[in-house]
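Colleague: I have a few minutes before my next meeting. Could you pull up the chain and talk me through it?

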Amino acid sequence: GSDGLLLVNAERDIEGPSDLRDRVFCYTDPSSTTGYALPRAWLREHGVDPDTDFAATHRSGNHMQLIRDVGLGRCDAGGTYSGAWQTAAEAGVPVASVRQLAVTGRTPHDALSEGPAADEATSGALRHALLSFHPQEHAGQAVVGTVERISGFADLGDDHYDKLRQALEVSDDTDEDSDS
């Protein structure tokens, strides 16, 4: 999975959720779980209404641009995911003026599911192969991938998505304002 992160401009006096009121908040694309839904749910959980408590909002578009916008002061804060934050410097994004304020939630990564007509033997073999994969042993490195950084696979039930479903429900897509 990935952690959703709330980043703030390091030069701003923002130490907690209430310090975000009357500030400019950046979002990624509204279809982003970590850049839109999780930050909005986290804000609501911490007493900040993302529809009324900001001076303005801005849609940065993608995660790297959001980190740039926060660092350049176009926004005071914004939400992204841990993979973007971890690789931002390598992508040429100046991160020295950005710091992490909070983890807004966790998103499970891709799910593998089988259809009702799936062959049980093939499904079992694929399941075994994925659950047995250990990057260090099989690929000679601790993780595979430069952004998602896969360290292995886990057998998770549908209930693992409950917190994410709740965040999507409370995030509301009522943010009509956007200056981009």
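**Strand E2 and its surroundings**

Modeller: Let me start with E2, which is largely enclosed by the rest of the structure, because four of its five residues are buried. Please keep in mind that this is a predicted model.

Colleague: Fine. In which sense do E2 and E3 pair, parallel or antiparallel?

Modeller: E2 and strand E3, which covers residues 56–61, pair in the parallel sense, and the pairing runs over five bridges. To give you one residue to look for, Thr-28 has Gly-61 in E3 as its bridge partner.

Colleague: Switching to cysteines, how many disulfides does a search of the whole structure find?

Modeller: The search finds one disulfide, and it joins Cys-26 to Cys-75, with an S to S distance of 1.5 Å in the model. The pair links distant parts of the chain, since Cys-26 sits in strand E2 (residues 24–28) while Cys-75 lies in the loop between helix H2 (63–72) and strand E4 (77–81), 49 residues apart.

Colleague: And are those two cysteines buried or exposed?

Modeller: Cys-26 counts as buried because its relative accessibility is 0%, under the 20% cut-off. Cys-75 also counts as buried, at 1% relative accessibility.

Colleague: Okay, what about Thr-107, where is its place?

Modeller: Thr-107 belongs to strand E5, which covers residues 98–107, and it is buried, with a relative accessible area of 9%.

Colleague: Which residues is Thr-107 in contact with, leaving aside its neighbours within four places in sequence?

Modeller: With those neighbours set aside, Thr-107 is in contact with Gly-1 and Ser-2, with Thr-33, Thr-34 and Leu-38, and with Leu-164.

Colleague: Zooming out, how many helices and strands does the protein chain have?

Modeller: The protein chain has six helices and five strands, and from the N terminus on they run β-β-α-β-α-β-α-β-α-α-α. The C-alpha trace spans about 55 × 35 × 25 Å along its principal axes.

Colleague: What share of the contacts comes from residues far apart in sequence, say 24 or more positions?

Modeller: Residues 24 or more positions apart account for 72% of the contacts with a separation of 6 or more. As for burial, 37% of the 180 residues count as buried.

Colleague: Last thing, what about the surface and the charges?

Modeller: The accessible surface of the protein chain comes to about 9,900 Å², with 48% of it belonging to carbon and sulfur atoms. The chain has 14 positive and 31 negative side chains, and the centres of these two sets lie 5 Å apart.

Definitions and conventions
Residues are numbered from 1 along each chain as its sequence is written. This is a predicted model: local features need pLDDT of at least 70, side-chain atom pairs count only at pLDDT 80 or more; totals for chains, interfaces and linings use all residues. Side-chain values use heavy atoms; hydrogens and water are left out. Helices (H or I, at least four residues) and strands (E, at least two) are DSSP runs, numbered from the N terminus. Buried means under 20% relative accessible area, exposed over 50%, partly exposed in between (1.4 Å probe, protein chains only). Contact means heavy atoms within 4.5 Å. Accessible areas come from the Shrake-Rupley method with a 1.4 Å probe; for residues, only the protein chains shown count as cover. Lys and Arg count as positive and Asp and Glu as negative; His and the chain ends are not counted. The place of a charge is taken as NZ of Lys, CZ of Arg, CG of Asp or CD of Glu. A disulfide is a pair of cysteine sulfur atoms within 2.5 Å. Two strands pair if DSSP finds at least two bridges between them.
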